[in-house]
Amino acid sequence: MQNIIDAWFVQGMIKATSDAWLKGWDERNGGNLTLRLDADDIAPWRASFHAHPRYISLSQPMPDLAGIPFIVTGSGKFFRNVQLSPAANLGIVQIDNDGAGYHILWGLENDAVPTSELPAHFLSHCARMKASGGKDRVIMHCHATNLIALTYVLENNSDIFTRKLWEGSTECLVVFPEGVGILPWMVPGTDEIGAATALEMEKRALVLWPFHGVFGSGPTLDEAFGLIDTAEKSAEVLVKVISMGGMKQTISREQLIALAQRFGVTPLQSALDC
């Protein structure tokens, strides 16, 4: 019998969590990751599922996700340990038919449960499914060091933050022309921060939680990871530039417009104008 650990989605989660830990984005049990699957993805592995799947109610119903399976990281689990014991640190869950809760089909051994940020993830999945026409399948939350650092020194305004990140690395405008959203500081793990994040996710795939971390979305694990990685690289450049006394020159508004035209993207106008 094939081992479910060899499934593309388990291997993908192992790689993404390991890469994020090696980047220094996910200390201890920081960060969480969810990937939306299809029934066809999990069908070949049903022999590996729990004989009696546990059922957990959601704090609010998610009818838009009814019947959909996800692979998720566990609450209190360390990204660095996913590669060592996937079944203890990951789980496949499936939303029930009315969206009121989910069954744990595989993994999350020893009564482990999904990440405490699951409400934020599910609400963001709903938002990105609509915004992307169903293409976006991944929600990744991590503690990207330099992006967090910038929230302490830049005005926490979406237009200003977006413009600075575009200036920090030429590829940023091409990778996230719709900009980055920023929330006020909120208590993590609540329905309130989940709803606020999802509202931003209706407009863009990258959202900052000041003094905490970042949420990123994409159609694949690589693309969601790459989105955050691109923004974090720009943030690293900006942290160094600010530490060296600030910008003496930068990419101009006209150059940003030319860049957008060259790559056929429409940049956030309010960020261009700020």
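Colleague: Which residues have the most contacts inside the largest nonpolar core, and how many residues does that core have?

Modeller: The core has 58 residues, and the ones with the most contacts inside it are Phe 9, Val 10, Ile 71, Ile 92, Leu 165 and Trp 166. Bear in mind that this is a predicted model, where local features need pLDDT of at least 70, side-chain atom pairs count only at pLDDT 80 or more, and totals for chains, interfaces and linings use all residues. Residues are numbered from 1 along each chain as its sequence is written, and side-chain values use heavy atoms, with hydrogens and water left out.

Colleague: What makes a set of residues a nonpolar core?

Modeller: The members are buried Ala, Val, Leu, Ile, Met, Phe, Trp, Tyr or Cys, joined through side-chain atoms within 4.5 Å. Helix α10 gives the largest share of the 58-residue core, eight residues. There's also a second, separate core of 27 residues, which includes Val 93, Ile 104, Ala 120 and Met 129.

Colleague: What does Leu 165 touch?

Modeller: Leaving out residues up to four places away in sequence, Leu 165 touches Leu 147, Leu 150, Cys 172, Phe 176, Val 180, Ala 231, Ser 234, Ala 235 and Leu 238. Touching is contact here, meaning heavy atoms within 4.5 Å.

Colleague: Why is Thr 230 called buried?

Modeller: Buried means under 20% relative accessible area, exposed means over 50%, and partly exposed is in between (1.4 Å probe, protein chains only). Thr 230 has 11%, so it counts as buried. It is found in helix α10 (residues 221-243), and among its contacts are Glu 171 and Phe 176.

Colleague: How do you know that helix α1 has the expected span?

Modeller: The expected span is 1.5 Å times one less than the number of residues. For the 16 residues of α1 (residues 8-23) that gives 22 Å, and the end C-alpha atoms are 22 Å apart, so the two agree. Helices are DSSP runs (H or I, at least four residues), strands likewise (E, at least two), numbered from the N terminus. The buried residues of α1 include Phe 9, Val 10 and Ile 14. Just after this helix, Gly 24 takes a positive phi of about 85°.

Colleague: Why is α5 called largely enclosed by the rest of the structure?

Modeller: Twelve of its 14 residues are buried, so the label fits. Among them are His 121, Phe 122 and Arg 128. Helix α5 (residues 118-131) reaches 20 Å from first C-alpha to last, close to the 20 Å expected.

Colleague: What is notable about the phi of Leu 108 and of Asp 111?

Modeller: Most residues other than glycine have a negative phi. Leu 108 has a positive one near 45°, and Asp 111 has a positive one near 65°. Leu 108 sits in the loop between β5 (101-107) and α5, and so does Asp 111. Leu 108 is buried at 1%, whereas Asp 111, at 62%, counts as exposed.

Colleague: What makes Asp 136 and Arg 128 a salt bridge?

Modeller: A salt bridge needs a side-chain nitrogen of Lys or Arg within 4 Å of a carboxyl oxygen of Asp or Glu. The closest N and O atoms of this pair are 3.0 Å apart, so it qualifies. Asp 136 is buried at 7%, and Arg 128 is buried at 10%. The whole structure has eleven salt bridges.

Colleague: Which parts of the chain does the bridge between Asp 64 and Lys 130 link?

Modeller: The side chains meet at 3.3 Å, N to O. The pair links distant parts, 66 residues apart: Asp 64 is in the loop between β2 (54-57) and β3 (69-73), and Lys 130 is in helix α5. Asp 64 is partly exposed at 43%, while Lys 130 is exposed at 63%.

Colleague: What makes the nonpolar surface patch, and what area does it have?

Modeller: Tyr 152, Val 153, Trp 185, Val 187, Phe 211 and Ile 242 make a patch of about 650 Å². Patch residues have over 30% relative accessible area and no salt bridge; like charges are joined within 9 Å, nonpolar side chains (Val, Leu, Ile, Met, Phe, Trp, Tyr) within 5 Å. Areas come from the Shrake-Rupley method with a 1.4 Å probe, and for residues only the protein chains shown count as cover. Tyr 152, in the loop between α6 (145-150) and α7 (158-168), has 56% and is exposed.
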